[in-house]
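Please open the structure in your viewer and keep the selection panel at hand. The stops below say what to select next and what is there.

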Amino acid sequence: MSDFTQRFLFDDTDVRGELVSLGESYAHVLAKHPYPEPVAQLLGEMLAAASLLVGTLKFDGLLVLQARSSGAVPLLMVECSSDREVRGIARYHASQVTPAAGLRELMPEGSLTLTVDPKQGQRYQGIVALEGATLAECLSSYFDNSQQLPTRFWLNADGRNARGMLLQALPADRLKDPESREANWQHLTTLADTLTAEELLGLDNETVLHRLYHEEAVRLFDPQIIHFRCSCSRQRSANALVSLGKDDAQALLLESGGTVVIDCQFCNQRYSFDAADIAQLFAGGGSAAPSETRH
């Protein structure tokens with residue numbers, strides 16, 4: 001089992017945590033595009049972050065992290081569903097990506113948008129500037145600047161594995177005194193700051209927690225599996241064509257030489273629609289193609 005999140009709880013304090021490990025799903029994302037190493041690492045960190053964030057929310061729907069900038073990486077986008085299905089993509093200018101470049105070099109003047117899109121209820125969106133040295137710092141700042149519970153992130157990826165840890169304060173229960181709560185929060189996060197990238201990427205969760213918190217009462221819960229899955233489909237592509245309207249769809253068909261091809265940017269799946277397919281769509285016959293879907 002290489003892809004999972006695992007929650008932990010400090011029994012004597014009002015703090016929870018979560019660890020994430022991504023291997024196979026991270027490899028699936030990287031296999032779709034030839035990312036340079038610094039871009040692959042940053043995308044891995046964002047995959048880990050989205051997986052951790054889903055665990056902090058109680059909702060049925062989709063969480064989207066999207067970073068934009070004026071630099072070598074104009075777009076990073078990761079989606080993670082409440083079913084813990086992840087996918088991600090990066091857009092980059094290869095000539096501008098330098099070896100060992102970090103967030104500030106890759107995404108100057110950037111912003112990070114967090115969107116929670118539930119199947120039922122109101123859509124929520126928050127935005128923070130990418131002013132930190134790392135994605136983990138930027139996400140921690142987002143929670144610091146919001147009115148939500150204090151939350152800290154630690155994220156690392158190396159092109160093979162993506163790992164992350166989250167600590168989050170809980171509502172006052174065991175510790176009522178504000179000063180005691182703050183001192184305890186500082187104590188736990190300071191210990192977490194000693195965790196190296198090599199330790200996070202190379203050690204199992206039990207060992208990580210023992211190294212950091214062997215003097216604390218920590219309870220580790222059962223893992224929750226995460227896997228790669230792209231939400232594209234022929235039906236969704238067909239719906240996009242129908243949304244254009246019949247006249248525009250037929251004009252697009254002519255411009256495309258008799259076959260409209262819709263590519264999924266996340267997984268490179270291709271959905272092809274010829275004249276018979278489009279006629280069927282607007283006749284109410286659905287998207288089941290008389291011609292084959294081409295891959």
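Begin by selecting Ala162, which lies in strand β9 of this predicted model. Ala162 counts as buried, because its relative accessibility is 0%, and the cut-off for buried is under 20%. Display its surroundings and, leaving aside neighbours within four places in sequence, you will find Ala162 in contact with Val20, Ser21, Leu22, Tyr26, Gly44, Ala48, Asn156 and Ala157. Then add Phe143 to the selection: Phe143 and Ala162 are 19 residues apart along the chain, and their C-alpha atoms are separated by 22 Å.

Phe143 leads to the next stop, where helix α2 (residues 37–56) and helix α4 (residues 135–145) should be selected together. Two packed helices are described by the angle between their axes and by the distance between those axes. Here the angle is about 35 degrees, and the axes of α2 and α4 are 10 Å apart. Showing side chains, you can see Leu42, Glu45, Met46, Ala49 and Leu53 of α2 meeting Leu135, Leu139 and Phe143 of α4. Of the residues in this contact of α2 with α4, seven are nonpolar, one is charged and none is polar.

Move next to helix α7 (residues 205–213), and colour its buried residues, which are Asn205, Val208, Leu209, Leu212 and Tyr213. Looking down the axis of α7, you will find that these buried residues fall within an arc of 95 degrees, and therefore line one face of the helix. To see what covers the buried residues of α7, bring in the elements around them, including β1 (4–10), β2 (15–22), β9 (162–169), α5 (178–192), α6 (197–202) and β10 (218–225). Before leaving, zoom in on the start of α7, where a side-chain oxygen of Asp204 comes to within 3.1 Å of the backbone nitrogen of Glu206.

Now select Thr113, which is found in strand β6 (residues 111–118). Is Thr113 buried or exposed? With a relative accessible area of 14%, Thr113 is buried, since the cut-off is under 20%. Not counting residues up to four places away in sequence, Thr113 touches Val64, Leu65 and Gln66, together with Gln125, Gly126 and Ile127.

Finally, zoom out and colour the protein chain by its domain assignment, which gives domain 1 (4–228) and domain 2 (234–282). The C-alpha centres of domain 1 and domain 2 lie 37 Å apart. Where the domains meet, nine residues of domain 1 are in contact with five residues of domain 2.

Definitions and conventions: Residues are numbered from 1 along each chain as its sequence is written. This is a predicted model: local features need pLDDT of at least 70, side-chain atom pairs count only at pLDDT 80 or more; totals for chains, interfaces and linings use all residues. Side-chain values use heavy atoms; hydrogens and water are left out. Helices (H or I, at least four residues) and strands (E, at least two) are DSSP runs, numbered from the N terminus. Buried means under 20% relative accessible area, exposed over 50%, partly exposed in between (1.4 Å probe, protein chains only). Contact means heavy atoms within 4.5 Å. The arc is that of the directions from the helix axis to the C-beta atoms. A polar contact is a pair of N or O atoms within 3.5 Å; within protein, one must be able to donate a hydrogen and the other to accept it, and residues adjacent in sequence count only if both atoms are side-chain atoms. Axes are lines fitted to C-alpha atoms, for helices over the stretch in contact, and angles run from 0 to 180 degrees between N-to-C directions. Ala, Val, Leu, Ile, Met, Phe, Trp, Tyr, Cys and Pro count as nonpolar, Asp, Glu, Lys and Arg as charged, and the others, Gly among them, as polar. Domain bounds come from an automatic or database domain assignment.
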